[in-house]
Amino acid sequence: MSDSLNVSRRKFMIGGLATAVVAGAGLLTGCTTQSPAPQEPDAAGNWDAESDVVVIGFGCAGGGAAVSAAEAGASVLVLESLPIPGGTTRVSGGALWVPANPLQKKEGIKDSIEEGRQYMQKGNDGQVEEELINVYLENGPKVVEFLMNKLQVEFKFGYPDYHPEWPGGKRLGRSLSPAYNGKGSGEALMAALYDYTVAKGVKFSLNTHAKKLIKDDSGKVIGVIAYQDGKEMRVKANKGVVLATGGFEWDKTLLKTYQRGPVEASVVFNPGSGGGIYSCGDGLRMAMEAGADLRNMNESWGVMVYLLPGWEEEVANYRQNAKDYKKSTWKTIMGDWFLWRGKPGTIIVNKDGKRFMNEACDYDTSAYPFYERDTYGENRWRNLPAFVIADSVQWSKYGIAGAKGDNVPDYITKADTLAELAQKLGIDAKGLEATVAEFNKYASQKPPKDPLFHRGESYFDRFASGDYAMAQADPENPACTLAPLTKGPYYGIQIHSANCGTCGGARINGKAQVIDVHGNVIPNLYAAGNVAGLGGPGITYHGPGNPIAGGVIFGYLAGTDAATKA
Ligand SMILES: Cc1cc2nc3c(=O)[nH]c(=O)nc-3n(C[C@H](O)[C@H](O)[C@H](O)COP(=O)(O)OP(=O)(O)OC[C@H]3O[C@@H](n4cnc5c(N)ncnc54)[C@H](O)[C@@H]3O)c2cc1C
């Protein structure tokens, strides 16, 4: 991957050197210190760099925008905070969720845009603009084709839709896992996007934090103020600026302001990757300052996590090392996507010892019960704190949070009886015993059942969350995910509310143009990916690969529209 672009520097810098240095220092600690807003720039002249299209952030959305703008013949400059392009996308699974995609067609798997629409409408329950769903569905297959044919990305099928039983849902074919040049997952997708953009002449300015949009007197966005090594640079954008800065999952203030309840952490994989750490809401703030309307702000791509001792220090170190990202480690925040919580012999309970969910559901749905409040007494968050509980049969076979069998780390609580485990974890003991007795009554039947939360009724529960070998042998058998907790010792750990990205931001239309609070397009401003108020589109995470597909599709549309305007 290339070095940062060298830009010529003006002698006189608007905002002054002192401001710029403070801004740079603040950025090293990520979201904890906000840099001061640059002073109002004059719109005339004095640019450090110029391009037709300026893309801010190079994850899937920025990658989509940069390739399409370059493909359409525009000059493109990418400003990226990290020293390595790729963002959260680079450390992700890299899957794209696209109904009626070319690989399904090739493999003879039946699907249609109409079925995709039916499924997405069901998931959103009316909470989305139809235009965004239509644009996603109509352009998704074209973008996948572009990735396959032009970028040489190879795909294979991944997990089922999260709700394959819904009208229009599918068990196979919509989730596509990428491979490229010997790489897999998000690394493959981002390497393919990067290589193609470089081949097309796209320029990169790394370690560069964009902070403010510049508008002319008519309200058109004509450039960006950014900082590189604490020095201010002004970048002119002749045709458009694409905000592709990711979500705000690391900014505690924004999380508290906009999310529907407590979010304790976010997930980033891959030690030494640098990915995702600048998801601090910079793009959101720039859009708001430019007058953007917002949407979907209380939504995120939810997931439950285990927070192991030392996690807060590790996050701080990760930020400190963002520039020297290879030093960073990532061991203490562990996402339970569907790794342990849905295995037979495991349940999740709240402080009262009561179950409150289908433990085998998809990871976005799993975070929903964390936002329920009691309607009596102290009006507590009903399901916080929450605990994963397993018996010894489960523990020796699957374990929890990366540990099992004889390896019982300090962060796992072990006890001979359920009552003792409850007492150690701070759970109501009688409540837990009653819950396990009730759960076991149905989980011991043949076939096992869960009349309370319907665990095991969906193919997803059995195939994705349950025991993989059992599901391969008989995917219809609910025993893949259901078994009684019968034998001590018992094991437990607290599980927390988290996400793998927020997904609310600037309201966009079907061309990814940003819409202002009066419903008008902000000329020359685009947004895609988690900085856009897009979601899946809407409130639901439809299937594995939904965030990245949405990011690439709307990024692609943004780049095309910006590049092709007169
Ligand atoms: C472990 C993990 C696995 C996942 N797996 C999948 C999956 O398989 N499929 C899927 O669809 N989703 C997955 N997700 C979610 C998905 O990865 C993200 O939602 C998606 O990658 C976000 O893309 P983006 O382009 O919006 O943001 P990002 O990929 O985060 O890119 C934003 C970029 O903007 C840069 N940036 C931020 N602020 C500035 C600034 N001020 N100036 C310049 N640059 C800036 C950032 O450094 C970053 O590089 C996963 C998430 C995680 C954490």
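Colleague: Which of the 39 residues around the ligand come nearest?

Modeller: Glu 80, Thr 88, Thr 89, Asp 282 and Ile 548. A residue is near the ligand if one of its heavy atoms lies within 4 Å of it. This is a predicted model, where local features need pLDDT of at least 70, side-chain atom pairs count only at pLDDT 80 or more, and totals for chains, interfaces and linings use all residues. Residues are numbered from 1 along each chain as its sequence is written, and side-chain values use heavy atoms, with hydrogens and water left out.

Colleague: What makes the pair between the ligand and Glu 80 a polar contact?

Modeller: A polar contact is a pair of N or O atoms within 3.5 Å; within protein, one must be able to donate a hydrogen and the other to accept it, and residues adjacent in sequence count only if both atoms are side-chain atoms. An oxygen atom of the ligand is 2.6 Å from a side-chain N or O atom of Glu 80. For Cys 60, a backbone N or O atom lies 3.2 Å from a ligand oxygen. For Gly 59, a polar backbone atom is 3.5 Å from an oxygen atom of the ligand.

Colleague: How much of the ligand does the protein cover?

Modeller: The protein covers 97% of the 1000 Å² of accessible area that the ligand has on its own. Areas come from the Shrake-Rupley method with a 1.4 Å probe; for residues, only the protein chains shown count as cover.

Colleague: Which element supplies the largest share of the shell?

Modeller: H3, with four residues. Helix H2 (60-71), helix H3 (87-91), strand S8 (208-215) and helix H17 (546-564) each supply at least two. Helices (H or I, at least four residues) and strands (E, at least two) are DSSP runs, numbered from the N terminus.

Colleague: Why are H2 and H7 called roughly parallel?

Modeller: H2 and helix H7 (residues 185-199) pack at about 30°, with their axes 9 Å apart. Axes are lines fitted to C-alpha atoms, for helices over the stretch in contact, and angles run from 0 to 180 degrees between N-to-C directions. Angles under 35 degrees count as roughly parallel, over 145 as roughly antiparallel, 65 to 115 as roughly perpendicular and the rest as oblique. H2 and H7 are therefore roughly parallel.

Colleague: What is the angle between H13 and H14?

Modeller: Helix H13 (residues 418-425) and helix H14 (residues 429-443) pack at about 135°, with their axes 8 Å apart. That makes H13 oblique to H14.

Colleague: Where is Pro 447?

Modeller: Pro 447 is in the loop between H14 and helix H15 (459-465). The peptide bond from Lys 446 to Pro 447 is cis, with omega near -5°.

Colleague: What is the phi of Ala 100?

Modeller: Positive, about 55°, although Ala 100 is not a glycine. Ala 100 lies in the loop between strand S3 (96-97) and helix H4 (102-107).
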